[in-house]
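Hi,

Here is the structure I said I would pass along. Have a look first, and my notes on it follow below.

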Amino acid sequence: MSQALLTKTGFIDHPNARRYLDSVLLDLTFSVPHDSLPVRGYINQLSQILLPVSLGLGFTVLPESTILESPYAQDLRILHRSVNAREPLYLVRKRHRELASRYRWFTDCIRQTLQSS
């Protein structure tokens, strides 16, 4: 991978792309200002972001789990980072309202899954 290849390929933008891209660019052995990458498209639907990438119209940056769940995964080349990124997860609810007890199973399952990974 090189700056010339990234510039030639172009970038498929999406709502979280710039944040992910900034993180990935820090791992590269060369410097690429993200403003220098030509934007080949913008997709706002998660299920559609990888379609133009699978057609060779550009590259993007997404979590690996999103890529692997995509119907286009077999048509993509995934470049792995040397260091995995970690982001906080938040369980949100309405302020001043207790979550109904029927949701306890879900929250417990989420917590157990995250603690075991």
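**Aromatic pairs and the patch around them**

The structure holds two aromatic pairs. One of them is Trp105 with Phe106: the ring centres are 5.0 Å apart and the planes sit at 85°, so this pair counts as edge-to-face. Before you read on, do keep in mind that this is a predicted model.

Trp105 belongs to helix 5, which covers residues 104–116. How buried or exposed are the two partners? Trp105 has a relative accessible area of 58%, and because the cut-off for exposed is over 50%, Trp105 counts as exposed. Phe106 comes out at 47% relative accessibility, so Phe106 is put down as partly exposed.

Both rings also turn up in a nonpolar surface patch of about 850 Å². Its other members are Leu89, Leu91, Leu99, Tyr103, Ile110 and Leu114.

**The chain as a whole**

Stepping back a bit, the secondary structure of the protein chain adds up to five helices and two strands. In sequence order the pattern reads α-β-α-β-α-α-α.

What about the overall dimensions? The C-alpha atoms of the protein chain fill a box of roughly 55 × 30 × 30 Å along the principal axes. The radius of gyration is 18 Å, whereas a compact globule of 117 residues would have one near 13 Å.

As for the surface, the accessible area of the protein chain comes to about 9200 Å². Carbon and sulfur atoms own 53% of that. Of the 117 residues, 25% count as buried.

I also looked at contacts between residues at least 6 apart in sequence: 63% of these join residues at least 24 apart.

**The salt bridge**

How many salt bridges does the structure hold? There is one. In that salt bridge the side chains of Arg18 and Asp13 meet, with 3.6 Å from N to O.

The partners are worth a look in turn. Asp13 lies in strand 1, residues 11–13. Its relative accessible area is 11%, and since buried means under 20%, Asp13 counts as buried. Arg18 has a relative accessible area of 26%, so Arg18 falls in the partly exposed class.

Which residues does Asp13 touch, leaving out those up to four places away in sequence? Besides Arg18, the list has Val39, Gly41, Tyr42 and Ile43.

**Val53 and its surroundings**

Next on my list is Val53, in helix 3 (residues 50–54). With a relative accessible area of 17%, which is under the 20% cut-off, Val53 is buried.

What is Val53 in contact with, leaving aside neighbours within four places in sequence? The residues are Ile12, Gly58, Phe59, Thr60 and Leu76. Ile12 is 41 residues away from Val53 along the chain, yet the two C-alpha atoms are separated by 7.2 Å.

**Two exposed residues**

Glu69 is placed in helix 4. At 69% relative accessibility, Glu69 counts as exposed. Between Glu69 and Ser47 there are 9.5 Å from C-alpha to C-alpha, and the two are 22 residues apart in sequence.

His96 is the other one, and you may want to look at its backbone. Most residues other than glycine have a negative phi. His96 is not a glycine, but its phi is positive, at about 65°. Where is His96 found? The loop between helix 4 (64–69) and helix 5 holds His96. At 77% relative accessibility, His96 counts as exposed.

**In brief**

If you only have a minute with the viewer, I would start with these:

- the edge-to-face pair of Trp105 and Phe106
- the nonpolar surface patch of about 850 Å², which includes Trp105
- the salt bridge between Arg18 and Asp13
- Val53 and Ile12, with C-alpha atoms 7.2 Å apart
- His96 with its positive phi of about 65°

Cheers

Technical notes:
Residues are numbered from 1 along each chain as its sequence is written. This is a predicted model: local features need pLDDT of at least 70, side-chain atom pairs count only at pLDDT 80 or more; totals for chains, interfaces and linings use all residues. Side-chain values use heavy atoms; hydrogens and water are left out. Patches are made of residues with over 30% relative accessible area and no salt bridge: like charges are joined within 9 Å, nonpolar side chains (Val, Leu, Ile, Met, Phe, Trp, Tyr) within 5 Å. Accessible areas come from the Shrake-Rupley method with a 1.4 Å probe; for residues, only the protein chains shown count as cover. A salt bridge is a side-chain nitrogen of Lys or Arg within 4 Å of a carboxyl oxygen of Asp or Glu. Helices (H or I, at least four residues) and strands (E, at least two) are DSSP runs, numbered from the N terminus. Buried means under 20% relative accessible area, exposed over 50%, partly exposed in between (1.4 Å probe, protein chains only). Rings of Phe, Tyr and Trp (its six-membered ring) pair if their centres lie within 6.5 Å; planes under 30 degrees apart count as stacked, over 60 as edge-to-face and the rest as tilted. The radius of gyration is taken over C-alpha atoms; the globule rule is 2.2 Å times the number of residues to the power 0.38. Contact means heavy atoms within 4.5 Å.
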